[in-house]
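Biologist: Hello! I would love a close look at a single part of this protein, taken step by step.

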Amino acid sequence: MGGSIARKPRHGRELLCERVFRPAAHLVVLVLAPLRVPPPAVVFAAGATGMAAAYLIGSGALVAAAVLMQLKTALDNADGQLARLTGRVTVLGRYLDSESDLVVDAAIFAGIGWATGRWVLAAAGFACLTLVLGVNYNVERLYRRERGEPAEAMPAATGAAGLLARGYAAVYAPQDRLVERFVAWRLRGRDAGARLAYHDAATVTVLANFGLSTQLAVLGVCLAAGAPAAYAWVAVACAAALVPLAFRRELLLRRHVEQENGR
C-alpha cells in the first residue's frame, strides 16, 4: 500500500499537484488508511480547513490563511487517494467533493471581498474560477471520450447523493451542457481526424495547470504577499486565457481541414 500513489486517470497533469500536493497527500493517506478513516471525513476536514482559511482572509490574518489553504489542498488530494486505495470510491463522495470545493471557493472570495472592500472584483474572480475549473473538467472529459476511454459525466445518484446531485445540476450541469453543445456544433460533420485535431493534448495539459491545487497555491502566494485582491485578478486572467486557447483549437481544426482538402 505504501509503494505507490493511487491516481485518478487523467491525461492532463497538473505539475504543482504532481510534484508537491499529491506526494504530501499520500503521506496523509498512509496514516489514515490503517485507521479506516472514511474518505467523506477527509472531504469534511478539507472543507472545514478551507472555511477557516476564508474566515482568516476576512479577518486580515493572511499568512495563517495562506498556510491553511495549502493544508486544505493536501487534504483535497488525500480524500480521492484514500477512496481509491481502500476501494471506497462512491457517488456520494464524488458529489460531496465537488460541492465542498464550490462552497469553499465562494467563501474564499467572500473573504477577499470583506478584506478589501472590492466586492465586484471578488464576485468576478469567483465566477471566473468556477468557469475555468468547469472548462478544465470538460475538456479533459471530452478528450478522453474522443479517444474511446471512459469519460462519463457525473453519475446518477439517489438518497443523500441525489440531494447533492441536484445542487450539482443547478450549478455545474448547465456549464457542462454548454461546453458539450459548443464542441458538438464546432465538430458537426467532421471526420475522426478533425475531431482528434480539435481535442488536442496541449490544451488539456495547459488547462490542467489551471486546476484547483495550482489556484490555491497561487492564492497562498498572494495572501502571503499581503495582496488578496491580486488573486481575484489571477482568476480573471485564467478565464481570459481560455480565449486564445479556443482560437488555437480553431487553428488546429482549420489546418487539418486544409491538409485534407489539399490531398
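Biologist: In which helix is the place of glutamine 175? Please tell me about its surroundings too.

Modeller: Happy to! Keep in mind that this is a predicted model. Glutamine 175 has its place in helix α7. Its relative accessible area is 16%, and because a residue under 20% counts as buried, glutamine 175 is buried.

Now let us see what surrounds this residue. If we set aside the neighbours within four places in sequence, glutamine 175 is in contact with Thr130, Leu131, Gly134 and Val135. With one of these, threonine 130, there is a polar link to look at: the side chain of glutamine 175 reaches the backbone oxygen of threonine 130 at 3.5 Å. Asparagine 138 gives us another distance: it lies 37 residues from glutamine 175 along the chain, yet the C-alpha atoms of the two are separated by 9.0 Å.

Helix α7 also leads us to a pocket. The second largest pocket holds about 420 Å³ of space. Among its 18 lining residues, Val135, Val179, Phe182, Leu242 and Ala246 are the closest to the centre. Val135 may sound familiar, as it is also a contact of glutamine 175. Two or more lining residues come from each of α5 (119–146), α7 (173–186), α9 (201–208) and α11 (228–261). Of these, α11 gives the largest share, with six residues. As for the character of the lining, 14 of its residues are nonpolar, two are polar and two are charged.

Note on methods:
Residues are numbered from 1 along each chain as its sequence is written. This is a predicted model: local features need pLDDT of at least 70, side-chain atom pairs count only at pLDDT 80 or more; totals for chains, interfaces and linings use all residues. Side-chain values use heavy atoms; hydrogens and water are left out. On a 1 Å grid over the protein atoms alone, a cavity is a set of points where a 1.4 Å probe fits but cannot get out, and a pocket is an open set with protein on both sides within 12 Å along at least five of seven lines; lining residues have an atom within 4 Å of a point. Grid points are joined across faces, edges and corners, and a volume is the space filled by probe spheres set on the points. Helices (H or I, at least four residues) and strands (E, at least two) are DSSP runs, numbered from the N terminus. Ala, Val, Leu, Ile, Met, Phe, Trp, Tyr, Cys and Pro count as nonpolar, Asp, Glu, Lys and Arg as charged, and the others, Gly among them, as polar. Buried means under 20% relative accessible area, exposed over 50%, partly exposed in between (1.4 Å probe, protein chains only). Contact means heavy atoms within 4.5 Å. A polar contact is a pair of N or O atoms within 3.5 Å; within protein, one must be able to donate a hydrogen and the other to accept it, and residues adjacent in sequence count only if both atoms are side-chain atoms.
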